[in-house]
Amino acid sequence: MLTLTLLVMQRGKYDAVTQKGHLPVLIPTSAEQREGWTTFTQELGPPESVRMLKNSDLKNARKHLTEWEAQHLHAIIALIQALQKPADSIALTRATEAVTKAHELQRVQRSDRRLTAGLDPKAEADLGHALAHLIGLPPQQAIEHFERLRPGPRASQDPRWLLSYEVSMELDDARLVLWWSEDGLKPAIWCPAMRAGFYARALLSAVSAKGLRICPHCGEPFLQERSDQDYCSVAHREAYRVARWRSQQKKAPISKGSKGGRLKPSQKQAKLEWWNGEGKLRKARERGRKKESRS
Ligand SMILES: [Zn+2]
């Protein structure tokens, strides 16, 4: 029992599947990784193996996605992040532009699957005209919205509408289920494909203080364990800090003897060593003191 408790605790710390109050997101899996069965579907064949979505799945998201799908997921995470910090209007503009770019790529990569592919020009024009009247976009764009290749006019005007539309449309096949898992009955979001699982996680993180973020070092998504966590791991936080420091050193103007001047390689090394040893400790102590004074 103790081993089991420890295992659960470790998983919670390093590769969390759920956050407090969050629904588990269920995805299909192999027999080796199985955490349960599809106890919530009709018995039209043998049940499928399922497991909960983990942080490491997010980190490897690209493996399961095409190029435009990966771009879209990253743009959606950036949009969630920007909407959670309303003061940062630049981040919001960048995120909405990234969603637009992902759809541009989607239209190129999925041009073979267009509804209008087999239509003669007259029929396409008629369809475009009818949809333009209904949707309020020019005929060609109205067809693209109908084909789910671009957001509609209202979503394009308002980032919150856009996020609501984009995330929800990706969850067409997902549904809320009551799952009989190893530790009892629990509600869950069942996603028959991994991709929908990522959007289910995005949906949950959009309404949580601890959300999905993109790590500035590796550029991959991760689920925060604390609301102030900006990097996927401590290693990536340190690597990014060192890289940033190095690039600042390169950019800094050479001024003899002044504080901001360029350091000799030996001085740089000394500064780094100080930071890796004493500096980090001092920061940690300062944080501890702040915490104490707050509580
Ligand atoms: Zn990272």
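Q: Which residues of α6 are buried?
A: Let's start with a helix in this predicted model. Helix α6 spans residues 139-146, and the cover over its buried residues includes α4 (89-109) and α5 (121-135). A residue counts as buried when 20 or more other C-beta atoms lie within 10 Å of its own. In α6, the residues that qualify are Ala142, Ile143, Glu144 and His145.

Q: Which residue takes a positive phi just after α6, and what is the approximate value?
A: The place to look is the loop between α6 (139-146) and α7 (153-157), where Arg148 is found. Arg148 is a residue other than glycine, yet its phi is positive. So the residue is Arg148, with a phi of about 65°.

Q: Is Arg148 buried, partly exposed or exposed?
A: Counting neighbours settles this one: Arg148 has 14 other C-beta atoms within 10 Å. The buried class needs 20 or more and the exposed class 12 or fewer, so a count between those limits falls in the middle class. Arg148 is therefore partly exposed.

Q: How are α3 and α9 oriented to each other?
A: Two packed helices are described by the angle between their axes and the distance between the axes. For α3 (residues 67-84) and α9 (residues 194-206), the axes are 10 Å apart and the angle is about 5°. Angles under 35 degrees count as roughly parallel. Therefore α3 and α9 are roughly parallel.

Q: Which residues make the contact between α3 and α9, and how do they divide into nonpolar, polar and charged?
A: From α3 come Glu69, Leu73, Ile76, Ile77 and Ile80, while α9 supplies Arg195, Phe198, Ala202, Ser205 and Ala206. Sorted by character, the residues of this contact are 7 nonpolar, 1 polar and 2 charged.

Q: How far apart in space are Thr66 and Gln109, C-alpha to C-alpha?
A: Thr66 sits in the loop between α2 (55-59) and α3. With 14 other C-beta atoms within 10 Å, Thr66 is partly exposed. Thr66 and Gln109 are 43 residues apart in sequence. In space, their C-alpha to C-alpha distance is 9.4 Å.

Q: What share of the contacts with a separation of 6 or more comes from residues 24 or more positions apart?
A: Stepping back to the whole protein, there are 11 helices and 7 strands. Of its 295 residues, 24% count as buried. Among contacts with a separation of 6 or more, the share from residues 24 or more positions apart is 49%.

Key:
Residues are numbered from 1 along each chain as its sequence is written. This is a predicted model: local features need pLDDT of at least 70, side-chain atom pairs count only at pLDDT 80 or more; totals for chains, interfaces and linings use all residues. Helices (H or I, at least four residues) and strands (E, at least two) are DSSP runs, numbered from the N terminus. Two residues are in contact if their C-beta atoms, placed from the backbone, lie within 7 Å. Axes are lines fitted to C-alpha atoms, for helices over the stretch in contact, and angles run from 0 to 180 degrees between N-to-C directions. Angles under 35 degrees count as roughly parallel, over 145 as roughly antiparallel, 65 to 115 as roughly perpendicular and the rest as oblique. Ala, Val, Leu, Ile, Met, Phe, Trp, Tyr, Cys and Pro count as nonpolar, Asp, Glu, Lys and Arg as charged, and the others, Gly among them, as polar.
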